[in-house]
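Hi,

Here is the structure I said I would pass on to you. Have a look at it first, and my notes follow below.

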Amino acid sequence: MKYIDGFRNPAAAAAIRGQIDAWGKTLAAAGRRVAIMEVCGSHTMAIARYGIRDLLPAGVSLISGPGCPVCVTPTQYVDAAIELAERGMTIVTFGDMLHVPGSQSTLAACRSKGGRIEVCYSPARTLELAAAEPGREIVFLAIGFETTIAPVVSMLDVAVQRGLRNVSLLTAFKLVPPALHALLTDPEIRIDAFLCPAHVSAIIGADAYLPFAAQYRVPCVICGFEPLDILYGIEGVLGQVAAGEARVDNRYARVVTHGGNAQALALMDRYLRPVDAAWRGIGTIPASGLGLREAFAAYDAERRHGVTVALGRENPACRCGDVLKGKLRPPECPLFGTACTPDHAVGPCMVSSEGTCSAYFKYSEQ
Ligand code: SF4
């Protein structure tokens with residue numbers, strides 16, 4: 001595709017949409033319905049923002065996956081972060097985490113009672129705080145997928161090189177491929193194809209999806225975030241389904257390579273090892289997270305400060321788990337838009353700027 005006039009060229013959009021419609025007719029004639037999961041929260045937001053669902057042919061649907069890092073971070077993690085703040089440590093976090101409900105409270109409420117919660121735009125802020133107050137423990141809330149893991153580990157690397165001993169990470173890192181495997185083996189979820197995440201793919205590389213295409217016969221198309229990118233990705237999925245193919249198609253080659261970012265992957269491997277990880281609303285997925293290696297235990301907030309990320313208590317009325325697995329559309333949750341809104345969020349999917357409920361609410365997809 002040529003981006004001659006940028007990424008929002010109406011003529012290019014019309015041409016891609018024409019091809020999408022043509023595939024839609026082919027698939028309808030064959031009686032095929034196609035459920036495409038967009039895995040990434042940023043894709044979810046862009047799809048809602050640009051009204052992409054309204055452009056899909058009958059029988060083709062987009063379902064949102066578990067790709068919002070804040071949304072899948074479990075309740076007990078928020079509880080542990082609050083405990084550390086209440087014990088007098090400085091907590092450094094991205095802003096989205098502030099209002100995510102823990103079992104009893106939120107980090108925002110903790111801050112209003114005097115807890116030192118620093119909102120950052122970059123993990124590097126942790127280093128500044130640690131250097132400014134060497135006598136104070138600084139804990140970075142290390143959540144996120146491969147995209148975020150790389151810069152956080154890079155920050156840790158600097159802390160280690162500089163000998164900063166008052167920095168630690170409360171880790172809840174998540175990996176995308178094990179989550180895709182868990183979704184594809186859940187008999188209650190039907191996924192015909194993946195629109196694969198863009199930024200994560202820049203780290204792990206397009207080849208990371210080869211097993212899903214080969215083992216599950218699921219087309220995997222990587223695309224960017226602009227409206228044309230997403231339409232182009234959907235067109236790629238439908239073309240494969242219509243042809244009975246299941247391949248990895250990298251339609252974000254301006255950023256994503258086959259093998260990913262070797263430097264980032266090497267740094268991650270140096271500091272981190274695979275661990276089983278709890279996903280909010282989904283449960284524990286084997287080897288779906290990364291924790292600090294034994295050699296770096298001094299930088300692990302759980303071990304350094306003896307905090308326990310015990311089982312948390314989720315609001316039983318919140319259906320985020322089903323939303324994150326693509327089983328439920330947000331408007332089907334009884335609390336959507338009534339008891340649960342961005343100003344008074346019951347669950348993390350309404351809090352995060354990448355949350356599916358937030359996307360539906362903000363752009364009125366009912
Ligand atoms: S609308 Fe609110 S309560 Fe319902 S699933 Fe979404 S975040 Fe949870």
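Let me begin with an arginine: R125 is partly exposed, as its relative accessible area is 30%. Please keep in mind while you read that this is a predicted model.

**Salt bridges**

R125 has a partner, E128, and the closest N and O atoms of this salt bridge are 2.8 Å apart. You will find both residues in helix α6 (residues 125-132), where E128 and R125 are three residues apart, or about one turn of the helix.

How many salt bridges are there? The count comes to 19. Another of them pairs E83 with R87, with 3.0 Å between the closest N and O atoms. E83 counts as partly exposed because its relative accessibility is 31%. R87, at a relative accessible area of 42%, is also partly exposed.

Then there is R329, which forms a salt bridge with E332; here the closest N and O atoms are 3.7 Å apart. That pair still qualifies because the cut-off is within 4 Å. R329 has a relative accessible area of 34%, so it is partly exposed. For E332 the relative accessible area is 42%, which again means partly exposed. Elsewhere, R32, R190 and D192 are joined into one network by salt bridges that share partners.

**The ligand**

Where does the ligand sit? The space it takes is the largest cavity. Around the ligand you will see C318, R319, C320, C333, L335, F336, C340, V346, G347, M350 and C357. What kinds of residue make up this shell? Nine are nonpolar, one is polar and one is charged.

**Cysteines**

I also went through the cysteines. How many disulfides does a search of the whole structure find? It finds one. The disulfide is formed by C68 and C71, whose sulfur atoms are 2.4 Å apart. The torsion about their S-S bond is about 75°, so this disulfide is right-handed. Are C68 and C71 buried or exposed? Both C68 and C71 are buried.

Why is C110 not in a disulfide? The closest cysteine sulfur, in C120, is 16 Å from the sulfur of C110, and that is too far for a bond. A disulfide needs sulfur atoms within 2.5 Å. C110 counts as buried because its relative accessibility is 7%. C120 is in a similar position: the closest cysteine sulfur to its own is in C68, 16 Å away, so that is too far for a bond as well. With a relative accessibility of 3%, C120 counts as buried.

**Two backbone angles to look at**

Last, two residues with positive phi. R217 is not a glycine, and yet its phi is positive, at about 55°. Look for R217 in the loop between α10 (210-216) and β8 (220-222). R217 is exposed, because its relative accessible area of 52% falls in the range over 50%.

The other is A287, a residue other than glycine with a positive phi near 50°. Where is A287 found? A287 lies in strand β11 (residues 283-292). Its relative accessible area is 37%, so A287 is partly exposed.

Those are my notes; happy browsing!

Technical notes. Residues numbered from 1 in each chain as written. Predicted model: local features only at pLDDT ≥ 70, side-chain atom pairs only at ≥ 80, totals over all residues. Heavy atoms only, no water. Salt bridge = Lys/Arg side-chain N within 4 Å of Asp/Glu carboxyl O. Buried < 20%, exposed > 50% of the residue type's maximum accessible area, 1.4 Å probe, protein only. Helix = DSSP H or I, 4+ residues; strand = E, 2+ residues; numbered from the N terminus. Near = heavy atom within 4 Å. 1 Å grid on protein atoms, 1.4 Å probe; cavity = no way out; pocket = protein on both sides within 12 Å on 5 of 7 lines; lining within 4 Å. Sits in = over half its atoms within 2 Å of the grid points. Nonpolar A, V, L, I, M, F, W, Y, C, P; charged D, E, K, R; others polar.
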